[in-house]
Amino acid sequence: IFPTLTGPEVRTVVLLALVVLGRTVMTVVVARIAAKNGRNLVARRWAIFVEGVLLFLVACIPAAVVNSALRYLQSVLALQVRARLSEDVHLRYLSGSNFYKAVTLGASRQLDNPDQRVTADIDRFATELARLLVDTLRPTLEVLLFSTQLGRGLSWHAPACLASYFL
């Protein structure tokens, strides 16, 4: 049931991690462009501001591609996990007389549609597992990258103060 180190699930997770890293880098790039645009707008440097807006529009194109790739890879991972888990469940629990026993437990404890329940639960589990991976990896990478950027701009004191706040 667990994937091997060379399995398709692991390759998808590595690719997903790279795309999450790319998304985090794109977030920093877009934030820098937006900050420069804000400074140029306040300083009324209209020509530089218009160039910055055009640069922002150009930067948003790869950001949109990265976001779409992130959603796509998340759904691919969910599909891979669902396929592996479904195969294992069918081999273990829905073979032989196990399915018949689950359907005919008795009038008081009878399961209705056990095959549909198993299918729906596996689908929900695989989708949530893929989402959990992305939702855990993304903030971790963002904190690391933003702390690095903060340290470059304000020395090591700023990330240290930020880390002490969480302790």
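1. The nonpolar surface patch is a suitable place to begin. Val-14, Leu-15, Leu-18, Leu-21, Val-25 and Val-29 form this patch, and their accessible area together is about 480 Å². The model under discussion is a predicted one, and the points below should be read accordingly.

2. One member of the nonpolar patch, Leu-18, is found in helix α1. Leu-18 has a relative accessible area of 53% and is therefore exposed, given that exposed means over 50%.

3. Another member of the nonpolar patch, Val-29, can be related to Ala-59. These two residues are 30 residues apart in sequence, and their C-alpha atoms are 7.8 Å apart in space. Ala-59 has its place in helix α2, which covers residues 46–93. With a relative accessibility of 9%, Ala-59 counts as buried.

4. A second surface patch is positive in charge, and its members are Arg-32, Lys-36, Arg-39, Arg-45 and Arg-152. Helix α1, residues 8–42, gives the most to this positive patch, contributing three residues. Arg-152, by contrast, is placed in helix α4, residues 114–154. The relative accessibility of Arg-152 is 65%, so Arg-152 counts as exposed.

5. Helix α4 merits a separate comment on its geometry. Its 41 residues, at 1.5 Å a residue, should span 60 Å, and the end C-alpha atoms are 59 Å apart, in agreement with that expectation. After α4 comes Ser-155, which has a positive phi, near 70°.

6. Which residues of α4 are buried? They are Pro-114, Ile-122, Ala-126, Ala-130, Val-134, Leu-141, Glu-142 and Leu-145. Glu-142 is thus a buried residue of α4, whereas Arg-152, in the same helix, counts as exposed.

7. How many salt bridges does a search of the whole structure find? The search finds six. One of them joins the side chains of Asp-123 and Arg-82, with an N to O distance of 2.5 Å. Because Asp-123 lies in helix α4 and Arg-82 in helix α2, this pair ties together parts that are 41 residues apart in sequence. Both partners are partly exposed: Asp-123 has a relative accessibility of 33%, and Arg-82 has a relative accessible area of 26%.

8. A further salt bridge is made within helix α4. The side chains of Arg-131 and Glu-128 meet at 2.7 Å, N to O. These two residues both lie in α4, three residues apart, which is about one turn of the helix. Arg-131 is partly exposed at a relative accessible area of 40%, and Glu-128 counts as partly exposed at 37%.

9. Arg-131 also forms a salt bridge with Asp-135, and here the closest N and O atoms are 3.7 Å apart. Arg-131 and Asp-135 are four residues apart in helix α4, so about one helical turn separates them. Asp-135 counts as partly exposed, with 35% relative accessibility. Through salt bridges that share partners, Glu-128, Arg-131 and Asp-135 are joined into one network.

10. The spacing in this network can be set against the general geometry of helices. An α-helix has 3.6 residues a turn, so residues three or four places apart point the same way. Glu-128 lies three residues from Arg-131, and Asp-135 lies four residues from Arg-131. As to the charges, side chains of opposite charge can pair when their charged atoms come close.

Technical notes. Residues are numbered from 1 along each chain as its sequence is written. This is a predicted model: local features need pLDDT of at least 70, side-chain atom pairs count only at pLDDT 80 or more; totals for chains, interfaces and linings use all residues. Side-chain values use heavy atoms; hydrogens and water are left out. Patches are made of residues with over 30% relative accessible area and no salt bridge: like charges are joined within 9 Å, nonpolar side chains (Val, Leu, Ile, Met, Phe, Trp, Tyr) within 5 Å. Accessible areas come from the Shrake-Rupley method with a 1.4 Å probe; for residues, only the protein chains shown count as cover. A salt bridge is a side-chain nitrogen of Lys or Arg within 4 Å of a carboxyl oxygen of Asp or Glu. Lys and Arg count as positive and Asp and Glu as negative; His and the chain ends are not counted. The place of a charge is taken as NZ of Lys, CZ of Arg, CG of Asp or CD of Glu. Buried means under 20% relative accessible area, exposed over 50%, partly exposed in between (1.4 Å probe, protein chains only). The expected span of a helix is 1.5 Å times one less than its number of residues.
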